[in-house]
Amino acid sequence: MRAGTALGGTVMRTILVLNAKGGSGKTTVATNLAGYFACAGAKVALVDLDPQASSMDWLSARPADRPRIAAVEGFRKGVRVPRSTEIVVMDAPSRTHDDRLATLVRRTQTIILPVVPSPIDIRAAQRFLQELRELRHVIKTDVKLATIGNRVREGAFITNNLEDYLFGLTLPSGRKLPFLTLLRSSANYIHAAERGLSIFEFAPIATAADREYWQPLTRWLQNKRSVPEN
Ligand SMILES: Nc1ncnc2c1ncn2[C@@H]1O[C@H](COP(=O)(O)OP(=O)(O)OP(=O)(O)O)[C@@H](O)[C@H]1O
Ligand SMILES: [Mg+2]
């Protein structure tokens, strides 16, 4: 699969959810993004790059009457998506570094990096972002990267620390690294994960507070600023 390749008249949109830190919410964000775009009528492929296969488990639990999402076991056979795919969402494994990281970054147009509000996670994100920065220098990719907070509890001291940290990040050009949103810690994500659904497939009243925080992320992903220029 090549990022941005024209296939059957459609240009594939590739989004990688990435953070070397385990448990930062990669699978939660990837599955909910896949659900979001599928519900909006797009032809979506969800690529699980993690042998843990949590995204594939989520798809196995997905009811047949829900908008279809193609399952791609990227960790097993390499990444081949159906020809008609419009949006590819890739769920990365934790501890992705060095050559594997370079390969993944080359394959995508956009990276979403979720960070959990904890001192350990914030420091790990700092180190990982530095690694990405050095890598992008080496492989000369124009991949677009943005951060989001995840599992956030409103008003908690550490949430403010995370927000300040993510807000203050800059690109080597000196421009701000887009920091899009803080997703709440919510049981809705647990219920959704269990049933192969995204939070966008529950009654709006039950998930309105969570959906609201997705808007800056989904809006950015649909804006050309989140896609490399060539
Ligand atoms: N916003 C949230 N609110 C509540 N629970 C969440 C939220 N995000 C993630 N979780 C829960 O936290 C755990 C870790 O999330 P998830 O599996 O998405 O992380 P991951 O980065 O994919 O982990 P791994 O590195 O193991 O692949 C899961 O049990 C998930 O259901
Ligand atoms: Mg995962």
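Helices (H or I, at least four residues) and strands (E, at least two) are DSSP runs, numbered from the N terminus. The model is predicted: local features need pLDDT of at least 70, side-chain atom pairs count only at pLDDT 80 or more, and totals for chains, interfaces and linings use all residues. Residues are numbered from 1 along each chain as its sequence is written, chains are lettered from A and ligands numbered from 1 in the order in which they are written, and side-chain values use heavy atoms, with hydrogens and water left out.

**Exercise 1. The loop before strand 9**

Locate Leu177, state whether Leu177 is buried or exposed, and give its C-alpha separation from Thr27.

Solution. Step 1: Leu177 is in the loop that runs between helix 6 (157-167) and strand 9 (179-184). Step 2: buried means under 20% relative accessible area, exposed over 50%, and partly exposed in between (1.4 Å probe, protein chains only). Leu177 has 3% relative accessibility, so it counts as buried. Step 3: Thr27 lies 150 residues from Leu177 along the chain, and their C-alpha atoms are separated by 22 Å.

**Exercise 2. The shell of ligand 1**

Describe which residues surround ligand 1 and which elements supply them.

Solution. Step 1: a residue is near a molecule if one of its heavy atoms lies within 4 Å of it. Around ligand 1 there are 17 residues, and the closest are Lys26, Thr27, Thr28, Asn150 and Arg184. Step 2: at least two shell residues come from each of helix 1 (26-39), strand 8 (144-152) and helix 7 (187-195). Helix 1 contributes the most, three residues. Step 3: sort the shell by class, where Ala, Val, Leu, Ile, Met, Phe, Trp, Tyr, Cys and Pro count as nonpolar, Asp, Glu, Lys and Arg as charged, and the others, Gly among them, as polar. The shell then holds 11 polar, four charged and two nonpolar residues.

**Exercise 3. Backbone contacts and burial of ligand 1**

Find backbone polar contacts of ligand 1 with Ser24, Gly25 and Ser186, then state how much of the ligand is buried.

Solution. Step 1: a polar contact is a pair of N or O atoms within 3.5 Å; within protein, one must be able to donate a hydrogen and the other to accept it, and residues adjacent in sequence count only if both atoms are side-chain atoms. Step 2: an oxygen atom of ligand 1 is 3.1 Å from a backbone N or O atom of Ser24. A polar backbone atom of Gly25 lies 3.0 Å from an oxygen atom of the ligand. For Ser186, a backbone N or O atom is 3.0 Å from a nitrogen atom of ligand 1. Step 3: ligand 1 alone exposes 620 Å², of which the protein buries 80%; accessible areas come from the Shrake-Rupley method with a 1.4 Å probe, and for residues only the protein chains shown count as cover.

**Exercise 4. A side chain of helix 1**

What does the side chain of Asn32 contact, and is Asn32 buried or exposed?

Solution. Step 1: Asn32 belongs to helix 1. Step 2: its relative accessibility is 2%, so Asn32 counts as buried. Step 3: a polar atom of the Asn32 side chain lies 2.8 Å from the backbone nitrogen of Ile199.

**Exercise 5. Two residues with positive phi**

Give the phi, place and accessibility class of Ala53 and of Arg95.

Solution. Step 1: Ala53 is not a glycine, yet its phi is positive, about 60°. Ala53 sits in the loop between strand 4 (44-48) and helix 2 (54-61). With a relative accessible area of 14%, Ala53 is buried. Step 2: Arg95, also a residue other than glycine, has a positive phi near 55°. The loop between strand 6 (87-91) and helix 4 (98-106) holds Arg95. Its relative accessibility is 65%, so Arg95 counts as exposed.

**Exercise 6. Separation in sequence and in space**

For Val88, Arg100 and Val227, state the accessibility class and a C-alpha separation.

Solution. Step 1: Val88 lies in strand 6 and counts as buried at 0% relative accessibility. Leu183 is 95 residues from Val88 along the chain, with 22 Å between the C-alpha atoms. Step 2: Arg100, in helix 4, counts as partly exposed at 48% relative accessibility. Its C-alpha atom is separated by 39 Å from that of Pro204, 104 residues apart along the chain. Step 3: Val227 is found in the segment after helix 8 (204-221) and is partly exposed at 22% relative accessibility. Val227 and Ile111 are 116 residues apart in sequence, and their C-alpha atoms are 10.0 Å apart.
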